[in-house]
Amino acid sequence: DAIQFDYIRYHSKTKAGLENTHDVQTILLWYQNKLATYHMPLQIVVFGITSFKASHSIGQDIKRFAPIVDVLCPTLYPSHFEPYRIHAQNPYQIISKALASIHKRIPLQTKPLLIPYIEVTNYRYTHTKRETITYIKKQIQAIEDGHTNGWYFWSASSRYALLFEALDELHA
């Protein structure tokens with residue numbers, strides 16, 4: 001019931017330039033026009049760093065994309081923000097900061113739905129089972145406190161058992 005572009009972007013080693021962002025925006029506009037005929041929402045997945053500023057090397061700028069898309073899905077994986085050791089220990093804080101930045105950067109009248117991706121495990125920092133469950137719960141709490149429309153969870157290994165344990169604890 002929706003079309004989601006997963007990481008619509010240029011390669012991260014592409015030379016930065018506004019034309020990259022313009023190209024991605026042009027593609028999104030084309031799809032927006034096509035999908036309007038079918039009344040189908042357009043979702044895009046963007047790098048978490050674009051919560052704070054545009055990335056003209058990959059061509060992502062949430063301020064320019066917000067009026068075009070129905071749902072914005074930033075990947076707010078704490079392990080992907082530098083310095084990762086700090087964010088691995090404080091997932092709530094980095095997600096909260098990213099969401100506050102998005103809300104500040106996108107004008108209210110153009111706000112799409114906001115459904116961030118968060119991660120099951122921190123791939124760069126080893127956690128115990130208990131720490132992982134706490135890590136997941138802190139991310140969910142940050143999303144719930146951050147005025148979003150839900151969340152998606154991602155696991156590089158496609159293992160979600162600890163997510164379900166965290167959800168059980170949250171809903172106990």
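Student: Asp61 and Arg105, buried or exposed?
Tutor: Both Asp61 and Arg105 are buried. Keep in mind that this is a predicted model.

Student: What do Asp61 and Arg105 form, and how far apart are the closest N and O atoms?
Tutor: They form a salt bridge, with 3.9 Å between the closest N and O atoms. The cut-off for a salt bridge is within 4 Å.

Student: Where do Asp61 and Arg105 lie?
Tutor: Asp61 is in the loop between strand 2 and helix 2, and Arg105 is in helix 4 (residues 91-105), so the pair ties together parts that are 44 residues apart in sequence.

Student: How many salt bridges does a search of the whole structure find?
Tutor: The search gives 5 salt bridges. Among them is the one between Glu165 and Lys129, at 3.4 Å from N to O.

Student: Which helices hold Glu165 and Lys129?
Tutor: Glu165 belongs to helix 6 (residues 161-170) and Lys129 to helix 5 (residues 129-145), so this contact ties together parts that are 36 residues apart in sequence. Glu165 counts as partly exposed, at 30% relative accessibility.

Student: And Glu169, which residue does it form a salt bridge with?
Tutor: Lys137, with the closest N and O atoms 2.8 Å apart. This pair links distant parts of the chain, as Glu169 is in helix 6 and Lys137 in helix 5, 32 residues apart.

Student: What is the relative accessibility of Glu169?
Tutor: Glu169 has 31%, which counts as partly exposed. Lys137 is partly exposed too, with a relative accessible area of 24%.

Student: Which residues are linked in a network of salt bridges?
Tutor: Arg130, Lys137 and Glu169 are linked in that way.

Student: Switching to aromatics. How many aromatic pairs are there?
Tutor: The count is 7 aromatic pairs. One of them joins Phe5 and Tyr31, with 4.7 Å centre to centre and 65° between the planes, and is edge-to-face.

Student: Which elements do Phe5 and Tyr31 lie in?
Tutor: Phe5 is part of strand 1 (residues 3-5), while Tyr31 is part of helix 1 (residues 18-36), so the two rings tie together parts that are 26 residues apart in sequence.

Student: Is Phe5 buried or exposed?
Tutor: Phe5 is buried, its relative accessible area being 18%. Tyr31 counts as partly exposed, at 30% relative accessibility.

Student: Why is the pair of Phe52 and Phe81 edge-to-face?
Tutor: The planes of Phe52 and Phe81 stand at 90°, with the ring centres 6.1 Å apart, so the pair is edge-to-face. The cut-off for that class is over 60 degrees.

Student: And where do Phe52 and Phe81 lie?
Tutor: Phe52 is in the loop between strand 2 (42-47) and helix 2 (62-65), and Phe81 is in the loop between strand 3 (71-75) and helix 3 (84-89), so the pair ties together parts that are 29 residues apart in sequence. Phe52 counts as partly exposed at 33% relative accessibility, whereas Phe81 counts as buried at 7%.

Student: Back to Tyr31. Which residues form one aromatic cluster with it?
Tutor: Phe5 and Trp30 form the cluster with Tyr31. Tyr31 also appears with Ile27 and Trp30 in a nonpolar surface patch of about 290 Å².

Student: Now the strands. How many bridges join strand 1 to strand 2?
Tutor: There are 3 bridges, and the two strands run parallel. Gln4 has Gln43 in strand 2 as its bridge partner. Between these strands the chain passes through helix 1, and this β-α-β crossover is right-handed.

Student: In what sense do strand 2 and strand 3 pair?
Tutor: They pair in the parallel sense, over 5 bridges. The bridge partner of Gln43 in strand 3 is Val71.

Student: Why is strand 2 largely enclosed by the rest of the structure?
Tutor: Of the 6 residues of strand 2, 5 are buried, so strand 2 is largely enclosed by the rest of the structure.

Student: Last one. Where is Tyr77?
Tutor: Tyr77 is in the loop between strand 3 and helix 3, and counts as buried at 4% relative accessibility. The C-alpha atoms of Tyr77 and Asn122 are 7.9 Å apart, although the two residues are 45 residues apart along the chain.

Technical notes
Residues are numbered from 1 along each chain as its sequence is written. This is a predicted model: local features need pLDDT of at least 70, side-chain atom pairs count only at pLDDT 80 or more; totals for chains, interfaces and linings use all residues. Side-chain values use heavy atoms; hydrogens and water are left out. Rings of Phe, Tyr and Trp (its six-membered ring) pair if their centres lie within 6.5 Å; planes under 30 degrees apart count as stacked, over 60 as edge-to-face and the rest as tilted. Helices (H or I, at least four residues) and strands (E, at least two) are DSSP runs, numbered from the N terminus. Buried means under 20% relative accessible area, exposed over 50%, partly exposed in between (1.4 Å probe, protein chains only). Two strands pair if DSSP finds at least two bridges between them. A crossover is right-handed if, with the strands pointing away from the viewer, the path from the first strand over the helix to the second runs clockwise. Patches are made of residues with over 30% relative accessible area and no salt bridge: like charges are joined within 9 Å, nonpolar side chains (Val, Leu, Ile, Met, Phe, Trp, Tyr) within 5 Å. Accessible areas come from the Shrake-Rupley method with a 1.4 Å probe; for residues, only the protein chains shown count as cover. A salt bridge is a side-chain nitrogen of Lys or Arg within 4 Å of a carboxyl oxygen of Asp or Glu.
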